[in-house]
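Please look over the sequence and the model shown here before reading on. The paragraphs after it are meant to be read with the structure open.

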Amino acid sequence: MLRCCASAHPSFWVPDRKRSTCSSCNKLFTLLRRRHHCRCCGGVFCGSCSMDSIALPAWGIPDVARVCGGCFILESQLVPMMLAGWDFGGSHLQLSADERSITWLTWHAGAPKLRSEDMLDVAAVELCGAGCGLSLKVRGEWFIFKGDRRSQPAAQVWVVALNQLRQLHLQRCGARSKHGDPPRRRDEEFLTKSLLEALKRRQARLIEAQGMFHIADVAAQQSKGYLPIGGTPAKNGGRRPRSKRRSNADANRYRSVSRAAR
């Protein structure tokens, strides 16, 4: 006797039998209130809590798909801001184009220093400096990024978004093994070359729209001799990028998104 085929649902989806209520509103599922899976986090929600839809190219879904309210805010508002980047006390933070790593730029002895860490290696993200900066814990080491009062809304957005992204990566990649090894990405998590190129173009558009700069360009230009020691990319007529002097409109934009993400 042949067995039935296994379910084609992604492995990170929460099984229907494990949820009798909606993960958001906690209403009981019935014959009329059916279960729906968020294509981003895999949670089980009712129809009212999963009415939004958005393309998820960073997760291998280039077409519009059903998502929950939290993932919709993350992918439509928080992630684009992190892809453009932000300055915290001279350290420039930026999310990678595929949303899988966080990169920051610091200056040491007048020279730029880049560091990139996988989201799976980020153990904790917290506010610091009276809520004007943030701190990252990566493999037991803390990294502090201090900002001024204008950075407070941005710091709140980054903490919320990074914690949500971290949990999302852990959920999609599985829990840690019994031996304490870090979770590994499954084959379904790898992006095609065309999708990766599309993600890079999306980030380039966001960076250009916000008047920011890609931090990888700093080291590249300096290694080729195009950038003086201690300088930034010679954009906008040699002036420093607008990211060093954010306007009040930018702070208000972060403040509104911060309220929506709570």
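What follows goes from the chain as a whole to its core, a pocket, two hairpins and some single residues.

This is a predicted model, in which local features need pLDDT of at least 70 and side-chain atom pairs count only at pLDDT 80 or more, while totals for chains, interfaces and linings use all residues. Residues are numbered from 1 along each chain as its sequence is written, and side-chain values use heavy atoms, with hydrogens and water left out.

The chain has 5 helices and 11 strands, where helices (H or I, at least four residues) and strands (E, at least two) are DSSP runs numbered from the N terminus. Of the 262 residues in the chain, 42% are buried; buried means under 20% relative accessible area, exposed over 50%, and partly exposed in between, with a 1.4 Å probe and protein chains only. Among contacts (heavy atoms within 4.5 Å) between residues at least 6 apart in sequence, 52% join residues at least 24 apart.

The largest nonpolar core has 46 residues, and Phe88 and Trp158 are those with the most contacts inside it. Such a core is a set of buried Ala, Val, Leu, Ile, Met, Phe, Trp, Tyr and Cys residues joined through side-chain atoms within 4.5 Å. Helix 2 (residues 152-173) gives the largest share of this core, 9 residues. Leaving aside neighbours within four places in sequence, Phe88 is in contact with residues including Leu134, Phe145, Ala154, Ala155 and Trp158. In soluble globular proteins, nonpolar side chains tend to be buried together.

Two of these partners of Phe88, Leu134 and Phe145, also stand opposite each other, Phe145 being in strand 11. Strand 10 (residues 133-138) and strand 11 (residues 141-145) run antiparallel and are joined by 5 bridges; two strands pair if DSSP finds at least two bridges between them. Their hairpin has 2 residues between the strands, and there Arg139 takes a positive phi near 50°, although Arg139 is not a glycine. Arg139 is exposed, with a relative accessible area of 55%.

A second antiparallel pair is formed by strand 3 (residues 52-56) and strand 4 (residues 61-67), again joined by 5 bridges, with Ile61 in strand 4 as the bridge partner of Leu56. This hairpin has 4 residues between the strands, and Gly60 takes a positive phi near 80°.

Glu99, a residue other than glycine, has a positive phi near 65° and is found in the loop between strand 6 (91-95) and strand 7 (101-108). Glu99 counts as buried because its relative accessibility is 0%. Ile102, in strand 7, is buried as well, at 1% relative accessibility. Ile102 and Arg115 are 13 residues apart in sequence and 8.4 Å apart in space, C-alpha to C-alpha. Beyond four places in sequence, the contacts of Ile102 include Arg115, Met119, Val122, Trp158 and Leu162.

Finally, which residues line the second largest pocket? They are Cys41, Gly43, Cys68, Gly70, Cys71, Leu74, Gln164, Leu168 and Gln171, with helix 1 (69-84) and helix 2 each supplying at least two of them. On a 1 Å grid over the protein atoms alone, a pocket is an open set of points where a 1.4 Å probe fits, with protein on both sides within 12 Å along at least five of seven lines, and lining residues have an atom within 4 Å of a point. The lining divides into 5 nonpolar, 4 polar and no charged residues.

Technical notes
Ala, Val, Leu, Ile, Met, Phe, Trp, Tyr, Cys and Pro count as nonpolar, Asp, Glu, Lys and Arg as charged, and the others, Gly among them, as polar.
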